[in-house]
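Trainee: I am new to this structure. Could you pick one part and take me through it closely?

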Amino acid sequence: MARQTLIAGNWKMNGTTDSIHELVMAINAQLESDWQSEVLVCAPAVYLPLVIDLTKDSAIEVGAQNLSEQAAGAFTGEISGSMLADIGSQYVLVGHSERRSLYGESSELVAKKFQAALDNGLIPVLCVGETLEEREADATMKVVRAQIDTVLDYGIDVLGQGVIAYEPVWAIGTGKTATPEQAQQVHAEIRAHLAQLDVDVAAKIRILYGGSMNPTNAEQLLAQDDIDGGLIGGASLKAEQFIAICKAAG
Ligand code: PGA
């Protein structure tokens, strides 16, 4: 089954009004209308309205990097899914490893956020991945399955409405990329895990790779059968690198 490739930039906590303006205009200018892949940028929340405005006549889609699991109320500092939808976000990352490790987000909380995104018509991108210690202890699939299973507790149909991003923690921002074979193996195992519950969902769901993807390694990674796109941090902050990855995706 053909799955549309998704190239997603994760800008993390970077940028200013000026630098974001420049970055988006540079991507806009080079984005060719006949590209087959979907292109998404996940901006810091305060800049979402700016990015949404700058991309209103372009094919670039816009997402947030986090949302609250709560609908509304006394949750100081939080941003709800309905607010993100209200300003025109289409996607939202949930469970990025930095949220899990630096802000203590549990898989249970991440699953609630995944559901909150869907409740508001946003497409959640569920980030999963193992640490180096876990990989060395041969626990990669155990960890990744457990992270996915908390969302599966809400139902395979719930998970099927989102996107999965496999991001080995040891590859994020380190310049160390999983080899295409290492990544493909995990992606295939994730798909096989889902196929035990629903063959159609397993065939349709997009599984992105993230972790030091760059213009040099993108083509080989994206050529793997079960790699349906990329979640790109560092290289998404430079227009020419991000565009080169989009071009590698076709
Ligand atoms: P990186 O980040 O491309 O800088 O490794 C990826 C991510 O954290 O999503």
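Mentor: Let us take helix H5, then turn to the pockets. Keep in mind that this is a predicted model.

H5 is followed by Gly121. The phi of Gly121 is positive, near 75°.

Now the length of H5. The helix has 13 residues, 107-119. At 1.5 Å a residue, H5 should span 18 Å. Its end C-alpha atoms are 18 Å apart, so the expected span and the model agree.

Which residues of H5 are buried? They are Ser107, Val110, Ala111, Lys113, Phe114, Ala116, Ala117 and Leu118. Buried here means under 20% relative accessible area. A general point helps in reading such a list. An α-helix has 3.6 residues a turn, so residues three or four places apart point the same way.

What covers the buried residues of H5? The cover includes two strands, E4 (91-94) and E5 (123-128). Helices H4 (97-102), H7 (140-152) and H8 (156-159) also belong to the cover.

H4 leads on to the largest pocket. H4 gives the most to the lining of that pocket, with 3 residues. The largest pocket holds about 560 Å³ of space. It is lined by 21 residues, and the closest to its centre are Lys12, Met13, Gln65, Asn66 and Arg99. The lining divides into 11 nonpolar, 6 polar and 4 charged residues.

The second largest pocket holds about 220 Å³. Of its 18 lining residues, Gly173, Ser212, Gly233, Gly234 and Ala235 lie nearest its centre. Here the lining has 5 nonpolar, 11 polar and 2 charged residues.

Methods. Residues are numbered from 1 along each chain as its sequence is written. This is a predicted model: local features need pLDDT of at least 70, side-chain atom pairs count only at pLDDT 80 or more; totals for chains, interfaces and linings use all residues. Side-chain values use heavy atoms; hydrogens and water are left out. Helices (H or I, at least four residues) and strands (E, at least two) are DSSP runs, numbered from the N terminus. The expected span of a helix is 1.5 Å times one less than its number of residues. Buried means under 20% relative accessible area, exposed over 50%, partly exposed in between (1.4 Å probe, protein chains only). Contact means heavy atoms within 4.5 Å. On a 1 Å grid over the protein atoms alone, a cavity is a set of points where a 1.4 Å probe fits but cannot get out, and a pocket is an open set with protein on both sides within 12 Å along at least five of seven lines; lining residues have an atom within 4 Å of a point. Grid points are joined across faces, edges and corners, and a volume is the space filled by probe spheres set on the points. Ala, Val, Leu, Ile, Met, Phe, Trp, Tyr, Cys and Pro count as nonpolar, Asp, Glu, Lys and Arg as charged, and the others, Gly among them, as polar.
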